[in-house]
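Student: I would like a close look at one pair of strands and at what surrounds it. Please put the pair in its sheet and then follow the contacts outward.

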Amino acid sequence: MKTCTVKSKSREDFIDITSQVQEIVAASGIRTGVCLLHVPHTTAAVTVNEGADPDVQSDILAYLADRVPHRGPYRHMEGNSDAHIKSTLVGVSQVLAVEDGKVVLGTWQAIFFCEFDGPRTRRLHVQLVRGNEP
Ligand code: ZN
């Protein structure tokens, strides 16, 4: 398993980690298989969505902020319950196919680390499973 570092610059942030993940897959030498991404944090997440228009990332963050406000009637004393809820809604893992030595993504897709309680230095685990190669 490989672990990479992701630095967020604001409390909420989408960070494009596509090239980081593709570099790890390329370095592994695996041509065909599965790439598991896991965020070992309770106030962050990982998702796949449009990478071409940054307004999509802003819209997703705005949608989540509207449904899950920062200051709500929460019990958790740390004051970051919204970030915990968003982490669960978006999810802390993604499973992606690897083909021809690369994670398979659609034309407009990118992999994003989702920060909900930054800025912080975060980690992302990348586990690669080799498939049946010819
Ligand atoms: Zn907390």
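Student: Over how many bridges do β3 and β5 pair, and in which sense?

Tutor: This is a predicted model, in which local features need pLDDT of at least 70 and side-chain atom pairs count only at pLDDT 80 or more, while totals for chains, interfaces and linings use all residues. Residues are numbered from 1 along each chain as its sequence is written, and side-chain values use heavy atoms, without hydrogens or water.

β3 and β5 pair over 6 bridges, and the sense is antiparallel. Strands here are DSSP E runs of at least two residues, helices are H or I runs of at least four, and both are numbered from the N terminus; a pair needs at least two DSSP bridges. β3 covers residues 33–38 and β5 covers 93–99. Within the pair, Leu36 stands opposite Val95 of β5.

The two strands belong to an open, antiparallel sheet of 5 strands, ordered β1-β8-β3-β5-β6. Its edges are β1 and β6 (102–103), each of which pairs on one side only. On its way to the β6 edge, β5 forms 2 bridges with β6, again antiparallel. Glu99 has Lys102 in β6 as its bridge partner. The hairpin of β5 and β6 has 2 residues between its strands, and Asp100 takes a positive phi near 55° there.

The two faces of β5 differ in cover. Gln94, Leu96 and Val98 make up the covered face, whereas Ser93, Val95, Ala97 and Glu99 are on the uncovered one. In a regular strand, side chains alternate between the two faces of the sheet. Helix α1 lies across β1, β3, β5, β6 and β8. It runs at about 40° to β8, where axes are lines fitted to C-alpha atoms (for helices over the stretch in contact) and angles run from 0 to 180 degrees between N-to-C directions.

Both strands of the pair also give two or more residues to the largest nonpolar core, as do β1 (2–7), α1 (18–28), β4 (44–50), β7 (109–115) and β8 (121–130). Such a core is a set of buried Ala, Val, Leu, Ile, Met, Phe, Trp, Tyr and Cys residues joined through side-chain atoms within 4.5 Å; buried means under 20% relative accessible area, exposed over 50%, partly exposed in between (1.4 Å probe, protein chains only). Of the 22 residues in this core, Ile17, Val21, Cys35, Leu37, Ile111 and Leu124 touch the most other members. Leu124 can be followed further: leaving out residues up to four places away in sequence, its contacts (heavy atoms within 4.5 Å) include Lys2, Cys4, Val6, Ile17, Val21, Leu37 and Pro40. A second, separate core has 9 residues, among them Leu64, Ala83, Ala110 and Phe116.

Two members of that second core, Leu64 and Phe116, are also touched by Lys86. Lys86 sits in helix α3 (residues 81–90) and counts as buried because its relative accessible area is 1%. Beyond the residues up to four places away in sequence, Lys86 also touches Glu12, Ala65, Val68 and Gly91.

Two of the strands that feed the largest core, β4 and β7, lie in an open sheet of 3 strands with the order β2-β7-β4 and antiparallel pairing. Here the edges are β2 (13–16) and β4, each pairing on one side only. Neighbouring strands of this sheet are turned by 35° against each other on average, direction ignored. β4 and β7 run antiparallel and are joined by 7 bridges, and Val46 has Phe113 of β7 as its bridge partner.
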